[in-house]
Amino acid sequence: QLGLKTETLGHTIHFFEEVDSTQRIAAKLAYEGAPEGTLVVAEEQKAGRGRLDRKWFSPQGTGIWMSLILRPPIPPQQAPQLTLLVAVAISQAIQEVTGLVPDIKWPNDILLHGKKCVGILTELQADPDRVRSVIVGIGINVNQTGAQFPEDIRAIATSLAMEKGERIKRAPLIQEILLRIERLYKQYLAHGFRPVKLLWEGYAVSIGKPVTARTLGGAIRGIARGITDDGLLILEDEHHQLHYIHSADIQL
Ligand code: ATP
Ligand code: BTN
């Protein structure tokens with residue numbers, strides 16, 4: 001129903017008017033053996049989840065709220081690479097469809113004019129040595145107006161329509177995103193992370209700049225030097241010590 005141009009991604013779509021979280025449903029389907037490319041899409045989420053235990057505001061009809069199941073033949077420590085891959089693919093798709101040029105804030109926030117319009121949440125089902133499935137949750141603010149955001153989110157968030165100044169059709173954007181993910185994912189499986197890393201660095205705002213990483217263990221301030229081949233952020237502190245960050249919130 002989306003008129004997809006992909007070979008595998010999105011060829012099974014579970015569409016819901018209202019769910020708690022597409023992420024929870026996709027995780028259940030993956031556990032039950034759903035094939036790679038299975039997509040769960042909802043018009044509205046009542047309990048959308050963000051990273052670091054946060055809520056994700058997902059009102060009816062204004063955004064893209066979806067979760068994609070991938071089954072890459074990789075060890076679990078390489079899974080963060082897929083988050084970066086998806087961030088690149090979505091950035092490319094937004095650029096293609098709207099003409100807007102997004103920035104990526106490590107690991108997976110996509111920004112327009114410094115405000116967040118996309119969040120990506122990747123969750124794993126894995127054995128110690130191999131990934132069984134990766135659930136890629138994608139939340140895109142597409143057609144909200146400023147007034148439609150709750151007050152606490154308004155200051156830091158934006159939508160594609162707010163930046164573009166006109167409504168954006170969601171179906172063609174989903175098509176383009178799946179096509180870009182599929183293309184990059186094939187390239188990644190054939191040639192590894194390097195080509196993705198180069199593209200990612202092209203969109204990254206933080207590299208070479210001072211940032212604060214808020215991890216569960218505390219805050220680390222330093223210059224963002226780049227990402228490792230596994231997708232970790234490299235921070236250099238004032239003593240020229242390097243820190244490798246797995247999971248954190250980055251403040252520019
Ligand atoms: P807590 O009070 O539990 O520490 P919090 O203040 O970070 O959490 P939550 O409500 O748990 O708030 O999480 C919301 C976070 O995610 C905020 O940073 C919010 O700005 C952001 N957020 C939620 N939905 C969206 C959205 N649709 N677009 C952009 N940012 C969003
Ligand atoms: C973030 O914190 O930046 C990640 C937000 C991820 C939101 C998406 S919306 C579709 C999927 N279902 C969820 O409950 N969360 C993700």
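In this predicted model, L235 stands opposite H243, a residue of strand β11. That pair belongs to the contact between strand β10 (residues 233-236) and β11, which pair in the antiparallel sense over four bridges. From here the report follows the sheet that holds these strands, then turns to a second sheet, to the helices that lie across it, and to the surroundings of two ligands.

**The five-stranded sheet**

Five strands form an open sheet with antiparallel pairing, in the order β11-β10-β9-β8-β12. At its edges are β11 (242-245) and β12 (249-251), each of which pairs on one side only. From one strand to the next, the twist averages 45 degrees.

Further in, β9 is joined to β10 by four bridges, and the two run antiparallel; within this pairing, G226 has I234 in β10 as its bridge partner. The hairpin that β9 and β10 form has five residues between the strands, and G231 in its turn has a positive phi of about 100 degrees. Strand β8 (residues 210-215) pairs with strand β9 (residues 218-227) in the antiparallel sense over six bridges, and here T215 stands opposite G218 in β9. The hairpin that joins β8 to β9 does so through two residues.

**The seven-stranded sheet**

Seven strands form another open sheet, in which the pairing is mixed and the order is β1-β2-β3-β7-β6-β5-β4. Because β1 and β4 (103-105) stand at the edges with a single partner strand each, one side of each is left without a neighbour in the sheet. The twist in this sheet averages 20 degrees from one strand to the next.

Three successive pairings lead from the β4 edge to β7, and the table sets them out with one pair of opposite residues for each.

| Strand pair | Sense and bridges | Opposite residues |
|---|---|---|
| β4 and β5 (residues 109-112) | antiparallel, three bridges | K105 and D109 |
| β5 and β6 | antiparallel, three bridges | L112 and K115 |
| β6 and β7 | antiparallel, nine bridges | A126 and V131 |

The hairpin of β5 and β6 has two residues between the strands, and H113 takes a positive phi near 50 degrees in it. The hairpin formed by β6 and β7 has four residues between them.

**Helices across the sheet**

Two helices lie across strands of the seven-stranded sheet. Helix α1 lies across β1, β2, β3, β6 and β7 and runs at about 20 degrees to β3, while helix α2 (residues 80-98) lies across β3, β4, β5, β6 and β7 and runs at about 145 degrees to β6.

Which residues of helix α1 (residues 22-31) are buried? They are T22, Q23, A26, A27, L29 and A30, and, seen down the axis of α1, they fall within an arc of 165 degrees, so they line one face of the helix. An α-helix has 3.6 residues a turn, so residues three or four places apart point the same way. The cover over the buried residues of α1 includes β1 (13-19), β2 (39-45), β3 (63-70), β6 (115-126) and β7 (131-141). On the face turned away from the buried side, α1 carries the exposed residues K28 and Y31. After α1 comes G33, whose phi is positive, near 100 degrees.

**The two ligands**

Ligand 2 is surrounded by 21 residues, of which the closest are S21, G50, G119, G137 and G139. The elements α1, β3, β6 and β7 each give two or more residues to this shell, so helix and strands alike contribute to the shell around ligand 2. By class, the shell around ligand 2 has six nonpolar, 11 polar and four charged residues.Around ligand 1 stand G50, R54, K55, W56, F57, K116, G139, N141, D152, I153, I156 and A157. The elements that give two or more residues to the shell of ligand 1 are β7 and α3 (151-154). Sorted by class, the shell around ligand 1 has five nonpolar, three polar and four charged residues.

Note on methods
Residues numbered from 1 in each chain as written. Chains lettered and ligands numbered in written order. Predicted model: local features only at pLDDT ≥ 70, side-chain atom pairs only at ≥ 80, totals over all residues. Buried ≥ 20, exposed ≤ 12 C-beta atoms within 10 Å, placed from the backbone. Arc of directions from axis to C-beta. Near = placed C-beta within 6 Å. Nonpolar A, V, L, I, M, F, W, Y, C, P; charged D, E, K, R; others polar. Pairing = 2+ DSSP bridges. Axes fitted to C-alpha atoms, helices over the stretch in contact; angles between N-to-C directions.
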